[in-house]
Amino acid sequence: MKQIISLLLCLALCLALCACGDAPAAEQEKPANMQSSLPKTASAEEPEESAEPAPETVSDAEKAVQEAKKLKTRPVSELIEILGEPLSEDAAPSCMGPGEDVNLYYDGFTVYTYRDGDQQTVVDAELSK
């Protein structure tokens with residue numbers, strides 16, 4: 001009797017898992033690269049493509065990150081001359097060597113540096129999340 005109940009519970013579990021599967025192929029959306037063979041007509045839902053692409057705007061933080069990345073392996077003093085003093089910073093022992101990893105926090109981005117004794121160099125930069 002216990003074996004029959006165990007078997008029925010396993011069967012119910014399998015059926016429950018099957019119910020959570022993907023939708024049938026007919027209900028799935030077409031991949032983006034598939035096109036219809038019907039002629040294309042203008043509709044209110046599809047905006048027409050303009051001849052001019054939209055200008056890409058680059059934020060101040062993105063520009064600053066690009067500048068910081070140009071200064072990789074350079075002294076942090078050069079970075080501070082260009083970007084100014086950071087809003088805050090923190091440091092932790094480095095796993096890369098005997099020095100410290102120092103994070104310099106600016107408005108919208110972070111610059112990662114490595115400090116060994118009196119020398120501190122730029123390692124990388126990224127936009128804040």
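**Notebook: Met-1, the overall fold, Pro-75**

I began at Met-1, which sits in the segment before helix H1 (2-19). The model I am reading is a predicted one.

I looked up how far Met-1 is covered. Its relative accessible area is 75%, and because exposed means over 50%, I put Met-1 down as exposed. I then checked for a surface patch around Met-1. Met-1 forms a nonpolar patch on the surface with Ile-5 and Leu-9. Together these three residues have about 380 Å² of accessible area.

Next I went through the protein as a whole. I counted three helices and four strands. Along the sequence, the order reads α-α-α-β-β-β-β. I noted that 17% of the 129 residues count as buried. The exposed area of the protein comes to about 11,000 Å², and carbon and sulfur atoms supply 56% of that area. For contacts between residues at least 6 apart in sequence, I recorded that 31% join residues at least 24 apart.

Last entry: Pro-75. I located Pro-75 in the loop between helix H2 (60-70) and helix H3 (76-83). Which residues does Pro-75 touch, not counting those up to four places away in sequence? I found Gln-120, Thr-121 and Val-122. For Gln-120 I also took the C-alpha to C-alpha distance to Pro-75, which is 5.8 Å, while 45 residues separate the two in sequence.

Is Pro-75 buried or exposed? I read a relative accessible area of 32% for Pro-75. Buried needs under 20% and exposed over 50%, so a value in between counts as partly exposed. I therefore entered Pro-75 as partly exposed.

Key
Residues are numbered from 1 along each chain as its sequence is written. This is a predicted model: local features need pLDDT of at least 70, side-chain atom pairs count only at pLDDT 80 or more; totals for chains, interfaces and linings use all residues. Side-chain values use heavy atoms; hydrogens and water are left out. Patches are made of residues with over 30% relative accessible area and no salt bridge: like charges are joined within 9 Å, nonpolar side chains (Val, Leu, Ile, Met, Phe, Trp, Tyr) within 5 Å. Accessible areas come from the Shrake-Rupley method with a 1.4 Å probe; for residues, only the protein chains shown count as cover. A salt bridge is a side-chain nitrogen of Lys or Arg within 4 Å of a carboxyl oxygen of Asp or Glu. Helices (H or I, at least four residues) and strands (E, at least two) are DSSP runs, numbered from the N terminus. Buried means under 20% relative accessible area, exposed over 50%, partly exposed in between (1.4 Å probe, protein chains only). Contact means heavy atoms within 4.5 Å.
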